[in-house]
Amino acid sequence: MNAKNSVINYCKFKNIHTRGFLKYGYFKRIIGYILDYYNDYFIRKIFLQLVEEEYFIKKKNAKKSYLYQFNSNPKSPKIYHDPNRFIITWD
């Protein structure tokens with residue numbers, strides 16, 4: 001089994017998605033624990049691949065940094081709400 005599948009299966013098994021949005025450092029420690037390999041470059045590379053494949057949802061916080069949440073089903077359709085949909089005009 002490759003590294004990405006190991007990380008995905010572990011996160012699904014532990015229900016990481018229920019923990020909400022967390023810093024990258026939290027996921028860095030988890031990935032290092034899962035793979036028993038603590039090379040920062042390799043861990044970051046795997047994490048960025050998982051973000052690209054939408055296994056992690058990226059959210060910008062007020063301090064100009066990012067928080068991430070595990071997404072156990074990345075192939076589900078995304079719900080987009082048009083901001084103009086909820087505007088009521090009386091014209």
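**Figure 1. Glu54 in the loop between H3 and S1.** In this predicted model, Glu54 has a relative accessibility of 33% and therefore counts as partly exposed, since that class lies between the buried limit of 20% and the exposed limit of 50%. Glu54 sits in the loop that links H3 to S1. Take a look at its backbone too: phi is positive, about 65°, although Glu54 is not a glycine.

**Figure 2. Lys64 in the loop between S1 and S2.** Here we move to the loop between S1 and S2, where Lys64 is found. Lys64 is not a glycine, yet its phi is positive, at about 65°. Its relative accessibility is 67%, so Lys64 counts as exposed.

**Figure 3. The crossing of H2 and H3.** Helix H2 covers residues 24–35 and helix H3 covers residues 40–52. Their axes come within 10 Å and cross at roughly 105°. The range from 65 to 115 degrees counts as roughly perpendicular, and H2 and H3 are therefore roughly perpendicular to each other. On the H2 side, the contact is made by Tyr24, Phe27, Lys28, Ile31, Gly32 and Leu35. On the H3 side, it is made by Asp40, Phe42, Ile43, Arg44, Ile46 and Phe47. The residues of this contact divide into 8 nonpolar, 1 polar and 3 charged.

**Figure 4. Helix H2 and its surroundings.** How far apart should the ends of H2 be? At 1.5 Å a residue, its 12 residues should span 16 Å, and the end C-alpha atoms are indeed 16 Å apart, which agrees. Tyr24, Phe27, Ile30, Ile31 and Gly32 are the buried residues of H2. Their cover includes helix H1 (3–13) and H3, together with strand S1 (56–60) and strand S2 (66–70). Following H2 comes Asp36, with a positive phi near 55°.

**Figure 5. Helix H1 and the residue just after it.** The buried residues in H1 are Ala3, Ser6, Val7, Ile8 and Cys11. Among the elements that cover them are H2, H3 and S2. Do follow the chain a little further: just after H1, Asn15 takes a positive phi of about 55°.

**Figure 6. The largest nonpolar core, with Leu50 as a guide.** This core has 19 residues, and those with the most contacts inside it are Phe27, Phe47, Leu50, Phe56 and Tyr68. H1, H2, H3 and S2 are the elements that give two or more residues to this core. Its largest share, 5 residues, comes from H3. As background, nonpolar side chains in soluble globular proteins tend to be buried together. Leu50 makes a handy starting point for exploring this view. Leaving aside its neighbours within four places in sequence, Leu50 is in contact with Lys4, Val7, Ile8, Tyr55 and Phe56.

**Figure 7. Gly20 and its partners far along the chain.** Gly20 is located in the loop between H1 and H2. Which residues does Gly20 touch, not counting residues up to four places away in sequence? They are Tyr68 and Gln69. Phe70 also belongs in this view: the C-alpha atoms of Gly20 and Phe70 are separated by 7.9 Å, although the two residues are 50 residues apart along the chain.

Technical notes
Residues numbered from 1 in each chain as written. Predicted model: local features only at pLDDT ≥ 70, side-chain atom pairs only at ≥ 80, totals over all residues. Heavy atoms only, no water. Axes fitted to C-alpha atoms, helices over the stretch in contact; angles between N-to-C directions. Helix = DSSP H or I, 4+ residues; strand = E, 2+ residues; numbered from the N terminus. Parallel < 35°, antiparallel > 145°, perpendicular 65-115°, else oblique. Contact = heavy atoms within 4.5 Å. Nonpolar A, V, L, I, M, F, W, Y, C, P; charged D, E, K, R; others polar. Expected span 1.5 Å × (residues − 1). Buried < 20%, exposed > 50% of the residue type's maximum accessible area, 1.4 Å probe, protein only. Core = buried A, V, L, I, M, F, W, Y, C linked by side-chain atoms within 4.5 Å.
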